[in-house]
Amino acid sequence: MPDLLLEHLNPEQRAAVTLPHESALILAGAGSGKTRVLTTRIAWLIQTGQVSPHGILAVTFTNKAAKEMLVRISAMLPINTRGMWVGTFHGLANRLLRAHWRESGLPQSFQILDNQDQLSTIKRLMKALNVDTEKYEPKKVQHFINGHKEAGRRARDAEAHDEYSMHMAELFEAYDAQCQREGVADFPELLLRSYELLYRNEPLRQHYQERFRHILIDEFQDTNTLQYRWLKLFAGPRSALFAVGDDDQSIYAFRGANTGNMAEFEREFARGNVIKLEQNYRSHGHILTAANALIAQNAQRLGKNLWTAEGVGEPIRVFEAYSDQDEASFVIDEVKALHREGVPFSDMALLYRSNAQSRVLEHALFSAGVAYRVYGGLRFFERQEIKHALAYLRLLTHPEDDGAFLRVVNFPARGIGARTIEQLADAAGRAGSSLWQAACTASGKVAGFARLIESLKVATHDLPLPEAVDHMIEASGLADHYRADKDGADRLENLNELVNAAALFDEEAGLEVPGSAAAPEVPLPALDRFLAHAALEAGEHQAEPGRDALQLMTVHAAKGLEFHAVFITGLEESLFPHEQSAHEVNGLEEERRLMYVAITRARRRLYLTHAQSRMLHGQVRYGFPSRFLTELPDSVLLHLNRRAERSASPSAAPAPRTPPAGSDTGYRVGQSVAHARFGTGIIIDFEGRGPDARVQIKFRDAGTKWLALAYAKLSPA
DNA sequence: GCGTGACATTTTTTT
DNA sequence: AATGTCACGC
């Protein structure tokens with residue numbers, strides 16, 4: 001009964017879901033039921049017999065979104081979702097490359113390099129080539145390489161006119177050659193390689209074009225040049241592309257996302273077939289008003305205004321704290337109060353611009369005994385002990401991987417130092433072989449290491465995946481090493497967790513959960529699939545998921561989520577908008593979109609907080625309130641009272657909110673003041689006392705100056 | 001070869 | 001603040 005599927009959709013949503021077999025662009029605002037439309041569209045297509053699951057290709061950016069999509073589709077349709085290709089760009093590219101590894105020129109069990117791996121590979125290469133790493137910073141080289149790959153360019157396509165860029169291009173070329181030799185691929189390589197595979201291989205391209213009648217893309221505004229081209233390659237004459245996106249929520253320009261793709265897509269495919277979803281089902285009126293007003297300041301927009309049938313709801317609460325600590329304790333008070341009113345912790349989110357800001361908040365939450373869960377930060381599969389373990393596993397199936405070899409040849413320490421490794425590298429270089437091959441003919445300690453790997457290989461050969469992992473952790477000496485380390489308990493626990501992750505992976509692979517790293521039709525050893533899985537899904541496996549805990553994450557990580565109450569913290573100039581953004585073209589507009597995303601996460605209650613002072617990079621910094629605060633209409637804001645009223649309230653218990661030093665002069669550090677000539681500023685330091693007292697003031701427009709308190713006619717601002 | 005500590009460097013966002 | 005790099009002494 002298709003009607004059942006369409007029952008609860010509004011007219012625009014329904015129109016989008018039931019579009020004929022044509023390409024279309026759905027401009028879906030925040031909270032307008034974007035994911036719902038996408039998944040219902042898939043279910044509807046299948047249920048009405050227009051396409052079989054086999055003919056569906058659905059692409060997302062995050063694993064979370066892919067999983068969510070599958071769950072929703074399964075809930076709507078009692079079908080096996082197995083034949084569908086649903087996954088992230090990188091996951092699907094990986095799947096394609098594993099299936100056609102021979103044609104794409106990769107070893108069947110190629111390894112995926114994450115960012116860290118890529119950087120250390122580059123460093124290693126530059127060392128071997130004796131490149132001056134001062135002049136050519138490895139990070140810049142990485143950026144150069146990825147930037148080009150994401151634009152679909154190889155080293156030979158990289159434009160180079162000056163010496164610097166020519167050298168960069170050479171490094172790019174040498175890097176790719178090394179990756180090829182070692183059988184590894186970085187993230188952009190997955191996409192570029194699979195793009196080239198289909199581009200060059202016509203029969204293969206035709207096969208997939210014929211197969212995928214419906215190609216659906218989520219978060220289309222985040223696609224980069226290469227991803228868009230990749231999609232176009234899959235689209236044959238009989239395929240329809242269904243792109244869902246919101247240009248106002250494009251927040252990944254820094255990694256190559258090209259909003260222009262939306263306009264391009266409209267021209268090339270949708271051709272006026274555009275549906276706007278503007279009714280928001282998530283937030284109350286004031287919150288939407290604020291979001292609309294903010295985003296209206298951006299010049300580069302396709303244009304769209306969200307509305308809601310709900311009432312205006314509560315005003316947006318704005319709070320100015322003395323310090324980051326003060327900000328944290330304010331948030332905690334409010335969180336606790338909301339919880340007493342019955343809002344679960346898990347329905348509240350604490351958002352910040354950069355990960356570094358979570359530290360203070362976490363500390364305060366911990367002291368206050370509030371359960372919380374941090375998303376992002378260092379991920380499970382990126383921890384060093386996990387990296388070591390994965391490197392051992394990698395050597396078992398692919399010992400030519402020099403990166404993996406170097407990572408563990410002397411970890412735990414077994415007396416193989418820099419000198420020895422240099423000799424080994426020389427020998428390998430002369431023979432044109434891998435380090436591993438050189439090690440096999442070596443003697444002494446290196447030979448001992450080679451024997452260790454060989455024995456691991458034999459011992460784990462017939463073991464199920466989790467047991468193999470477990471055995472490796474013990475036999476490699478990793479476990480003993482961390483047992484001997486008094487701070488190694490956490491790491492040991494993580495290694496244990498790795499065994500669990502392997503067991504879980506084994507189980508899920510057995511159930512053939514679609515959308516996971518490898519295609520079911522590819523007979524790849526479990527170990528290799530597990531390693532690919534580890535690289536592609538860095539792992540949100542931390543903290544107990546079932547517990548009712550306050551949610552902490554960056555604004556980026558919050559995209560796609562919603563909460564009853566949202567706290568956006570650190571709303572200060574140079575933090576949010578981040579100072580880096582000022583140096584980038586359209587950087588401020590991207591920051592504003594980020595703020596827009598943050599605001600629209602809230603359903604009912606929204607807090608915006610900023611602090612006069614904040615510990616940053618080990619020292620106190622004073623910031624002005626974020627310009628975004630002034631871009632919101634006053635009519636929807638409620639400025640919460642500061643100190644006096646707050647500490648008078650009985651609930652604001654013993655939390656020590658000591659005003660900063662210097663109050664005796666009538667002024668204090670962190671205070672906003674106005675100067676007749678220099679305008680408004682913030683006091684950032686004191687010097688001397690009595691009539692000699694001087695203050696350092698950071699002016700909004702006139703820079704930072706020392707002024708004598710007796711002469712500078714200051715007034716509180 | 002290895003471990004220690006001083007020193008420097010860094011600090012956006014992430015598939 | 002936290003992490004990486006380097007030089008030194010064992």
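For sorting residues by class, Ala, Val, Leu, Ile, Met, Phe, Trp, Tyr, Cys and Pro count as nonpolar, Asp, Glu, Lys and Arg as charged, and the others, Gly among them, as polar. Keep in mind that this is a predicted model.

Let's start with DNA strand C. Its surroundings consist of Lys-123, Arg-359, Met-615 and Gly-618. Sorted by class, that surface has 1 nonpolar, 1 polar and 2 charged residues. Met-615 is the nonpolar one and Gly-618 the polar one, because Met counts as nonpolar and Gly as polar. Lys-123 and Arg-359 both show up again in the table below, each with a polar side-chain atom by a phosphate oxygen of DNA strand C.

Now for DNA strand B. There are 27 residues around this strand, and Phe-61, Arg-353, Gly-415, Thr-420 and Glu-584 come nearest. The class split here is 5 nonpolar, 15 polar and 7 charged residues. Helix H18, which covers residues 418-431, gives the largest share of that surface, with 3 residues. As for what the protein meets on the DNA side, 57% of the strand B atoms within 4 Å of the protein belong to sugar or phosphate, and the rest to bases.

Here are the phosphate contacts, strand by strand.

| Residue | Protein atom | Phosphate oxygen of | Distance |
|---|---|---|---|
| Arg-379 | polar side-chain atom | DNA strand B | 2.8 Å |
| Gly-415 | polar backbone atom | DNA strand B | 2.5 Å |
| Arg-419 | backbone N or O atom | DNA strand B | 3.0 Å |
| Lys-123 | polar side-chain atom | DNA strand C | 3.5 Å |
| Arg-359 | polar side-chain atom | DNA strand C | 3.2 Å |

Gly-415, then, is among the residues that come nearest to DNA strand B, and its backbone supplies a polar atom 2.5 Å from a phosphate oxygen.

Terms used: Residues are numbered from 1 along each chain as its sequence is written. Chains are lettered from A and ligands numbered from 1 in the order in which they are written. This is a predicted model: local features need pLDDT of at least 70, side-chain atom pairs count only at pLDDT 80 or more; totals for chains, interfaces and linings use all residues. Side-chain values use heavy atoms; hydrogens and water are left out. A residue is near a molecule or strand if one of its heavy atoms lies within 4 Å of it. A polar contact is a pair of N or O atoms within 3.5 Å; within protein, one must be able to donate a hydrogen and the other to accept it, and residues adjacent in sequence count only if both atoms are side-chain atoms. Helices (H or I, at least four residues) and strands (E, at least two) are DSSP runs, numbered from the N terminus.
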